[in-house]
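Me: Please take a close look at one part of this structure, as a computational chemist would want it described. For each term used, kindly state the cut-offs behind it.

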Amino acid sequence: MRYFRLILPLILFFQLISFSSVQAKEEDDIYKQRMNLYKSVEAVTNIPWYYMAAIDQYERNIRNARRDLPDTGGIIGIYFKPEEWVGILNPNLEDQNPTSIKFFNGMGYDGNGDGKADMSDDEDVIHAFAQYLLTYGVDHDNIKIALWDYFKRDKTVGIIIDKAKIYKHFGRIDLEGHAFPVPLRSNHSYKNTWGDARGWGGRRIHEGTDIFADYGVPVRATSYGIVEMKGWNRYGGWRVGIRDINNNYHYFAHLSGFAKDLKLGQIVEPGMPIGGVGSSGYGPPGTSGKFPPHLHYGMYKDNGYTEWSFDPYPHLRLWERQERQRARK
């Protein structure tokens with residue numbers, strides 16, 4: 001029994017390593033399968049793969065964030081309502097016949113050549129959306145017009161186009177890595193203050209986590225993304241907003257200043273310097289020193305309709321732990 005108690009932790013440890021390895025391999029396989037689909041669409045339609053990747057990722061994100069949309073069944077996240085797929089006037093909402101679907105002006109399409117337009121088939125779904133884009137054109141401007149006509153929301157178009165820029169820049173889609181917003185070696189502290197009351201500027205709640213550190217400590221991008229906002233706000237002072245590939249908006253406030261050459265539309269990656277810890281804000285441009293230096297870090301989610309704040313503290317704890325583990329390897 002004593003021997004068993006000694007060996008059991010080792011067995012559990014190696015099982016955990018094995019499970020993590022299998023899970024990582026499965027994720028890699030999914031990324032490869034998706035990329036193969038994007039590239040196959042590009043080969044047939046001349047639509048650059050990174051646009052299809054961006055549309056697919058956007059749709060996957062909003063499906064994960066909303067309850068009125070079904071969960072993703074396959075590896076492609078693009079969703080068509082049944083009536084959109086088969087045609088609004090089509091009496092058969094389960095129609096898979098490409099000919100009758102076309103007759104009723106449905107968007108369904110046979111993408112793999114099996115004679116069926118199946119909305120549960122990943123190839124059919126992604127080729128169907130590509131066929132929609134082709135009715136406008138394959139250049140950047142026409143794709144933007146097609147996206148606006150489909151989603152009817154400027155912010156959605158902007159998010160998708162920015163995702164496409166990120167994918168094009170890195171040449172890959174496995175961009176889920178993160179970094180803690182300040183160097184781990186720095187003298188910093190933080191606790192969960194999301195939802196606490198705030199009084200300056202009127203009654204409101206604290207939509208973020210405050211990370212206290214010395215003035216000028218580097219502030220780093222926490223994800224792969226694009227700089228969506230940079231400038232002054234009377235609450236947040238000098239601040240930066242970064243949109244990642246999962247429709248999350250990362251908000252960095254009270255900065256002492258910005259990293260050299262940081263600009264709107266710039267693509268960033270985890271750990272990239274974007275500014276420094278400061279105490280700016282609570283007044284007109286240039287106001288500073290009304291509170292101890294710290295970084296206000298907030299996270300917001302876009303679901304295709306609106307955007308809301310959520311607690312970043314658990315994510316910060318996870319990213320800090322992951323970064324420490326990577327440093328020990």
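What follows is a close look at strand 11 (residues 294-302), with the account then extended to other sites.

Reply: The model is predicted, so local features are reported only at pLDDT of at least 70 and side-chain atom pairs only at pLDDT 80 or more, while totals for chains, interfaces and linings use all residues. Residues are numbered from 1 along each chain as its sequence is written, and side-chain values use heavy atoms, with hydrogens and water left out.

Strand 11 is mostly covered, with nine of its nine residues buried. Here, helices (H or I, at least four residues) and strands (E, at least two) are DSSP runs numbered from the N terminus. Buried denotes under 20% relative accessible area, exposed over 50%, and partly exposed the range in between, for a 1.4 Å probe and protein chains only. The cover extends to both faces of strand 11. On one side the buried residues are His294, His296, Gly298, Tyr300 and Asp302, and on the other they are Leu295, Tyr297, Met299 and Lys301.

Strand 11 pairs with several other strands, where pairing requires that DSSP find at least two bridges between the two strands. Strand 4 (residues 209-213) runs antiparallel to strand 11 and is joined to it by four bridges; in this pair, isoleucine 211 has leucine 295 as its bridge partner. Strand 8 (residues 248-258) is likewise antiparallel to strand 11, with six bridges, and tyrosine 249 is partnered there by tyrosine 300. Strand 12 (residues 307-310) is joined to strand 11 by four bridges, again in the antiparallel sense, and lysine 301 faces tryptophan 308 across this pair. Strands 11 and 12 form a hairpin with four residues between them, in which glycine 304 adopts a positive phi near 95°.

The strand pairing can be followed elsewhere in the chain. Strand 6 (residues 225-233) and strand 7 (residues 237-244) are antiparallel and share eight bridges; three residues link them in a hairpin. Strand 6 also pairs with strand 9 (residues 267-268), in the antiparallel sense and over two bridges. Glycine 225 belongs to both pairings, standing opposite aspartate 244 in strand 7 and opposite valine 268 in strand 9.

Aspartate 244 also appears in the lining of the largest cavity, together with Leu175, Glu176, Gly177, His178, Ser223, Tyr224, Ile245 and Asn246. On a 1 Å grid over the protein atoms alone, a cavity is a set of points where a 1.4 Å probe fits but cannot get out, and lining residues have an atom within 4 Å of a point. The structure holds one cavity of 30 Å³ or more, and the volume of the largest is about 30 Å³. Such a volume is the space filled by probe spheres set on the points, which are joined across faces, edges and corners. The lining comprises three nonpolar, four polar and two charged residues, with Ala, Val, Leu, Ile, Met, Phe, Trp, Tyr, Cys and Pro counted as nonpolar, Asp, Glu, Lys and Arg as charged, and the others, Gly among them, as polar.

Asparagine 247, in the loop between strand 7 and strand 8, has a positive phi of about 65° although it is not a glycine. Its relative accessibility is 0%, so asparagine 247 counts as buried. A second non-glycine residue with positive phi, about 60°, is asparagine 105, which lies in the loop between helix 4 (98-103) and helix 5. Asparagine 105 counts as exposed because its relative accessibility is 69%.

Helix 5 (residues 122-134) spans 18 Å from its first C-alpha to its last over 13 residues, close to the expected 18 Å, the expectation being 1.5 Å times one less than the number of residues. Its buried residues include Val125, Phe129 and Leu133. The N-terminal end of helix 5 is capped by aspartate 121, whose side-chain oxygen lies 2.9 Å from the backbone nitrogen of glutamate 123.

Aspartate 56 is in helix 2 (residues 49-65) and is buried, at 0% relative accessibility. A polar atom of its side chain lies 3.5 Å from the backbone nitrogen of isoleucine 78. Finally, aspartate 139 lies in the loop between helix 5 and helix 6 (140-151) and is partly exposed at 36%. Its C-alpha is 7.8 Å from that of isoleucine 47, 92 residues away along the chain.

Note on methods
1 Å grid on protein atoms, 1.4 Å probe; cavity = no way out; pocket = protein on both sides within 12 Å on 5 of 7 lines; lining within 4 Å. Polar contact = N/O pair within 3.5 Å; in protein donor to acceptor, adjacent residues only side chain to side chain.
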